[in-house]
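Colleague: I have a model open on my screen and would like to learn how to read it. Could you take me through it feature by feature?

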Amino acid sequence: MAQRVVVTLHDDIDGGEAAERIVFGLDGKSYEIDLSQANARKLRKVLAPYVHAGRKARSTSGGVKVYRHTALTPDPAAVRAWARSHRMDVPPRGRIPKRVYEAFEAAQ
């Protein structure tokens with residue numbers, strides 16, 4: 001038996017047939033709205049001055065914050081190696097306990 005699923009989008013503004021789903025963000029929250037071509041054009045026209053004046057934010061995957069390694073903290077691989085050489089208990093992956101970082105810094 002075959003099954004066919006048909007998804008019909010309805011314009012969230014006027015209830016008519018929607019042509020596309022638009023995803024946008026404001027105040028740290030993401031929104032999506034289904035709009036007809038005419039309403040999508042209106043939305044883009046209204047937002048154009050703000051988009052032009054704004055700058056693109058760094059994208060994150062799935063809304064999860066991305067933390068980047070900086071020069072202010074020691075390299076985790078070096079800290080793990082140092083901790084193991086000093087017979088400290090350190091996990092092979094994941095977060096390194098603060099006490100290990102503190103001991104590493106004190107030894108430098």
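Modeller: Happy to! Let's begin with a single side chain: Lys 98 counts as exposed, because its relative accessibility is 62%. Do keep in mind that this is a predicted model.

Colleague: Which residue does Lys 98 form a salt bridge with?

Modeller: Its partner is Glu 102, and the closest N and O atoms of the pair are 3.9 Å apart. A salt bridge here needs the nitrogen within 4 Å of the carboxyl oxygen. Glu 102 is partly exposed, since its relative accessibility is 45%. The two residues sit four residues apart in helix H3, so about one helical turn separates them.

Colleague: How many salt bridges does this rule give in total?

Modeller: The count comes to four. Two more of them are worth a look, and both involve Arg 21: Glu 32 forms a salt bridge with Arg 21, with the closest N and O atoms 3.7 Å apart. Glu 32 belongs to strand S2 and Arg 21 to strand S1, so this pair ties together parts that are 11 residues apart in sequence. Asp 34 also forms a salt bridge with Arg 21, and there the closest N and O atoms are 2.6 Å apart. Asp 34 is in strand S2 as well, so its pairing with Arg 21 in strand S1 ties together parts 13 residues apart in sequence. Taken together, Arg 21, Glu 32 and Asp 34 are linked in a network of salt bridges.

Colleague: Are the members of that network buried or exposed?

Modeller: Take them one by one. Glu 32 counts as exposed because its relative accessibility is 52%, and the cut-off for exposed is over 50%. Arg 21 is partly exposed, with a relative accessible area of 44%. Asp 34 counts as buried, at 10% relative accessibility, where buried means under 20%.

Colleague: Now the strands themselves. How many bridges join S1 to S2, and which way do the strands run?

Modeller: Seven bridges join S1, residues 20-26, to S2, residues 29-35, and the strands run antiparallel. At one end of the pairing, you can find Glu 20 opposite Leu 35 in S2. The two strands form a hairpin with two residues between them. Look at Asp 27 in that turn: its phi is positive, about 55°.

Colleague: What does Ala 19 touch, leaving aside residues up to four places away in sequence?

Modeller: Ala 19 lies in the segment before S1, and it touches Leu 35, Ser 36 and Gln 37. You can also compare backbone positions: the C-alpha atoms of Ala 19 and Asn 39 are separated by 9.5 Å, although the residues are 20 apart along the chain. As for its surface, Ala 19 counts as partly exposed because its relative accessibility is 48%.

Colleague: Last topic, helices. How should I describe two that pack together?

Modeller: Two packed helices are described by the angle between their axes and the distance between the axes. In this model, the axes of H2, residues 76-85, and H3, residues 98-107, come within 10 Å and cross at roughly 85°. That makes H2 roughly perpendicular to H3.

Colleague: Which residues make the contact?

Modeller: From H2 come Pro 76, Ala 78, Val 79, Trp 82 and Ala 83, and from H3 come Val 100, Tyr 101, Ala 103, Phe 104 and Ala 107. By residue class, that contact divides into 10 nonpolar, no polar and no charged.

Definitions and conventions. Residues are numbered from 1 along each chain as its sequence is written. This is a predicted model: local features need pLDDT of at least 70, side-chain atom pairs count only at pLDDT 80 or more; totals for chains, interfaces and linings use all residues. Side-chain values use heavy atoms; hydrogens and water are left out. Axes are lines fitted to C-alpha atoms, for helices over the stretch in contact, and angles run from 0 to 180 degrees between N-to-C directions. Angles under 35 degrees count as roughly parallel, over 145 as roughly antiparallel, 65 to 115 as roughly perpendicular and the rest as oblique. Contact means heavy atoms within 4.5 Å. Ala, Val, Leu, Ile, Met, Phe, Trp, Tyr, Cys and Pro count as nonpolar, Asp, Glu, Lys and Arg as charged, and the others, Gly among them, as polar. Two strands pair if DSSP finds at least two bridges between them. Buried means under 20% relative accessible area, exposed over 50%, partly exposed in between (1.4 Å probe, protein chains only). A salt bridge is a side-chain nitrogen of Lys or Arg within 4 Å of a carboxyl oxygen of Asp or Glu.
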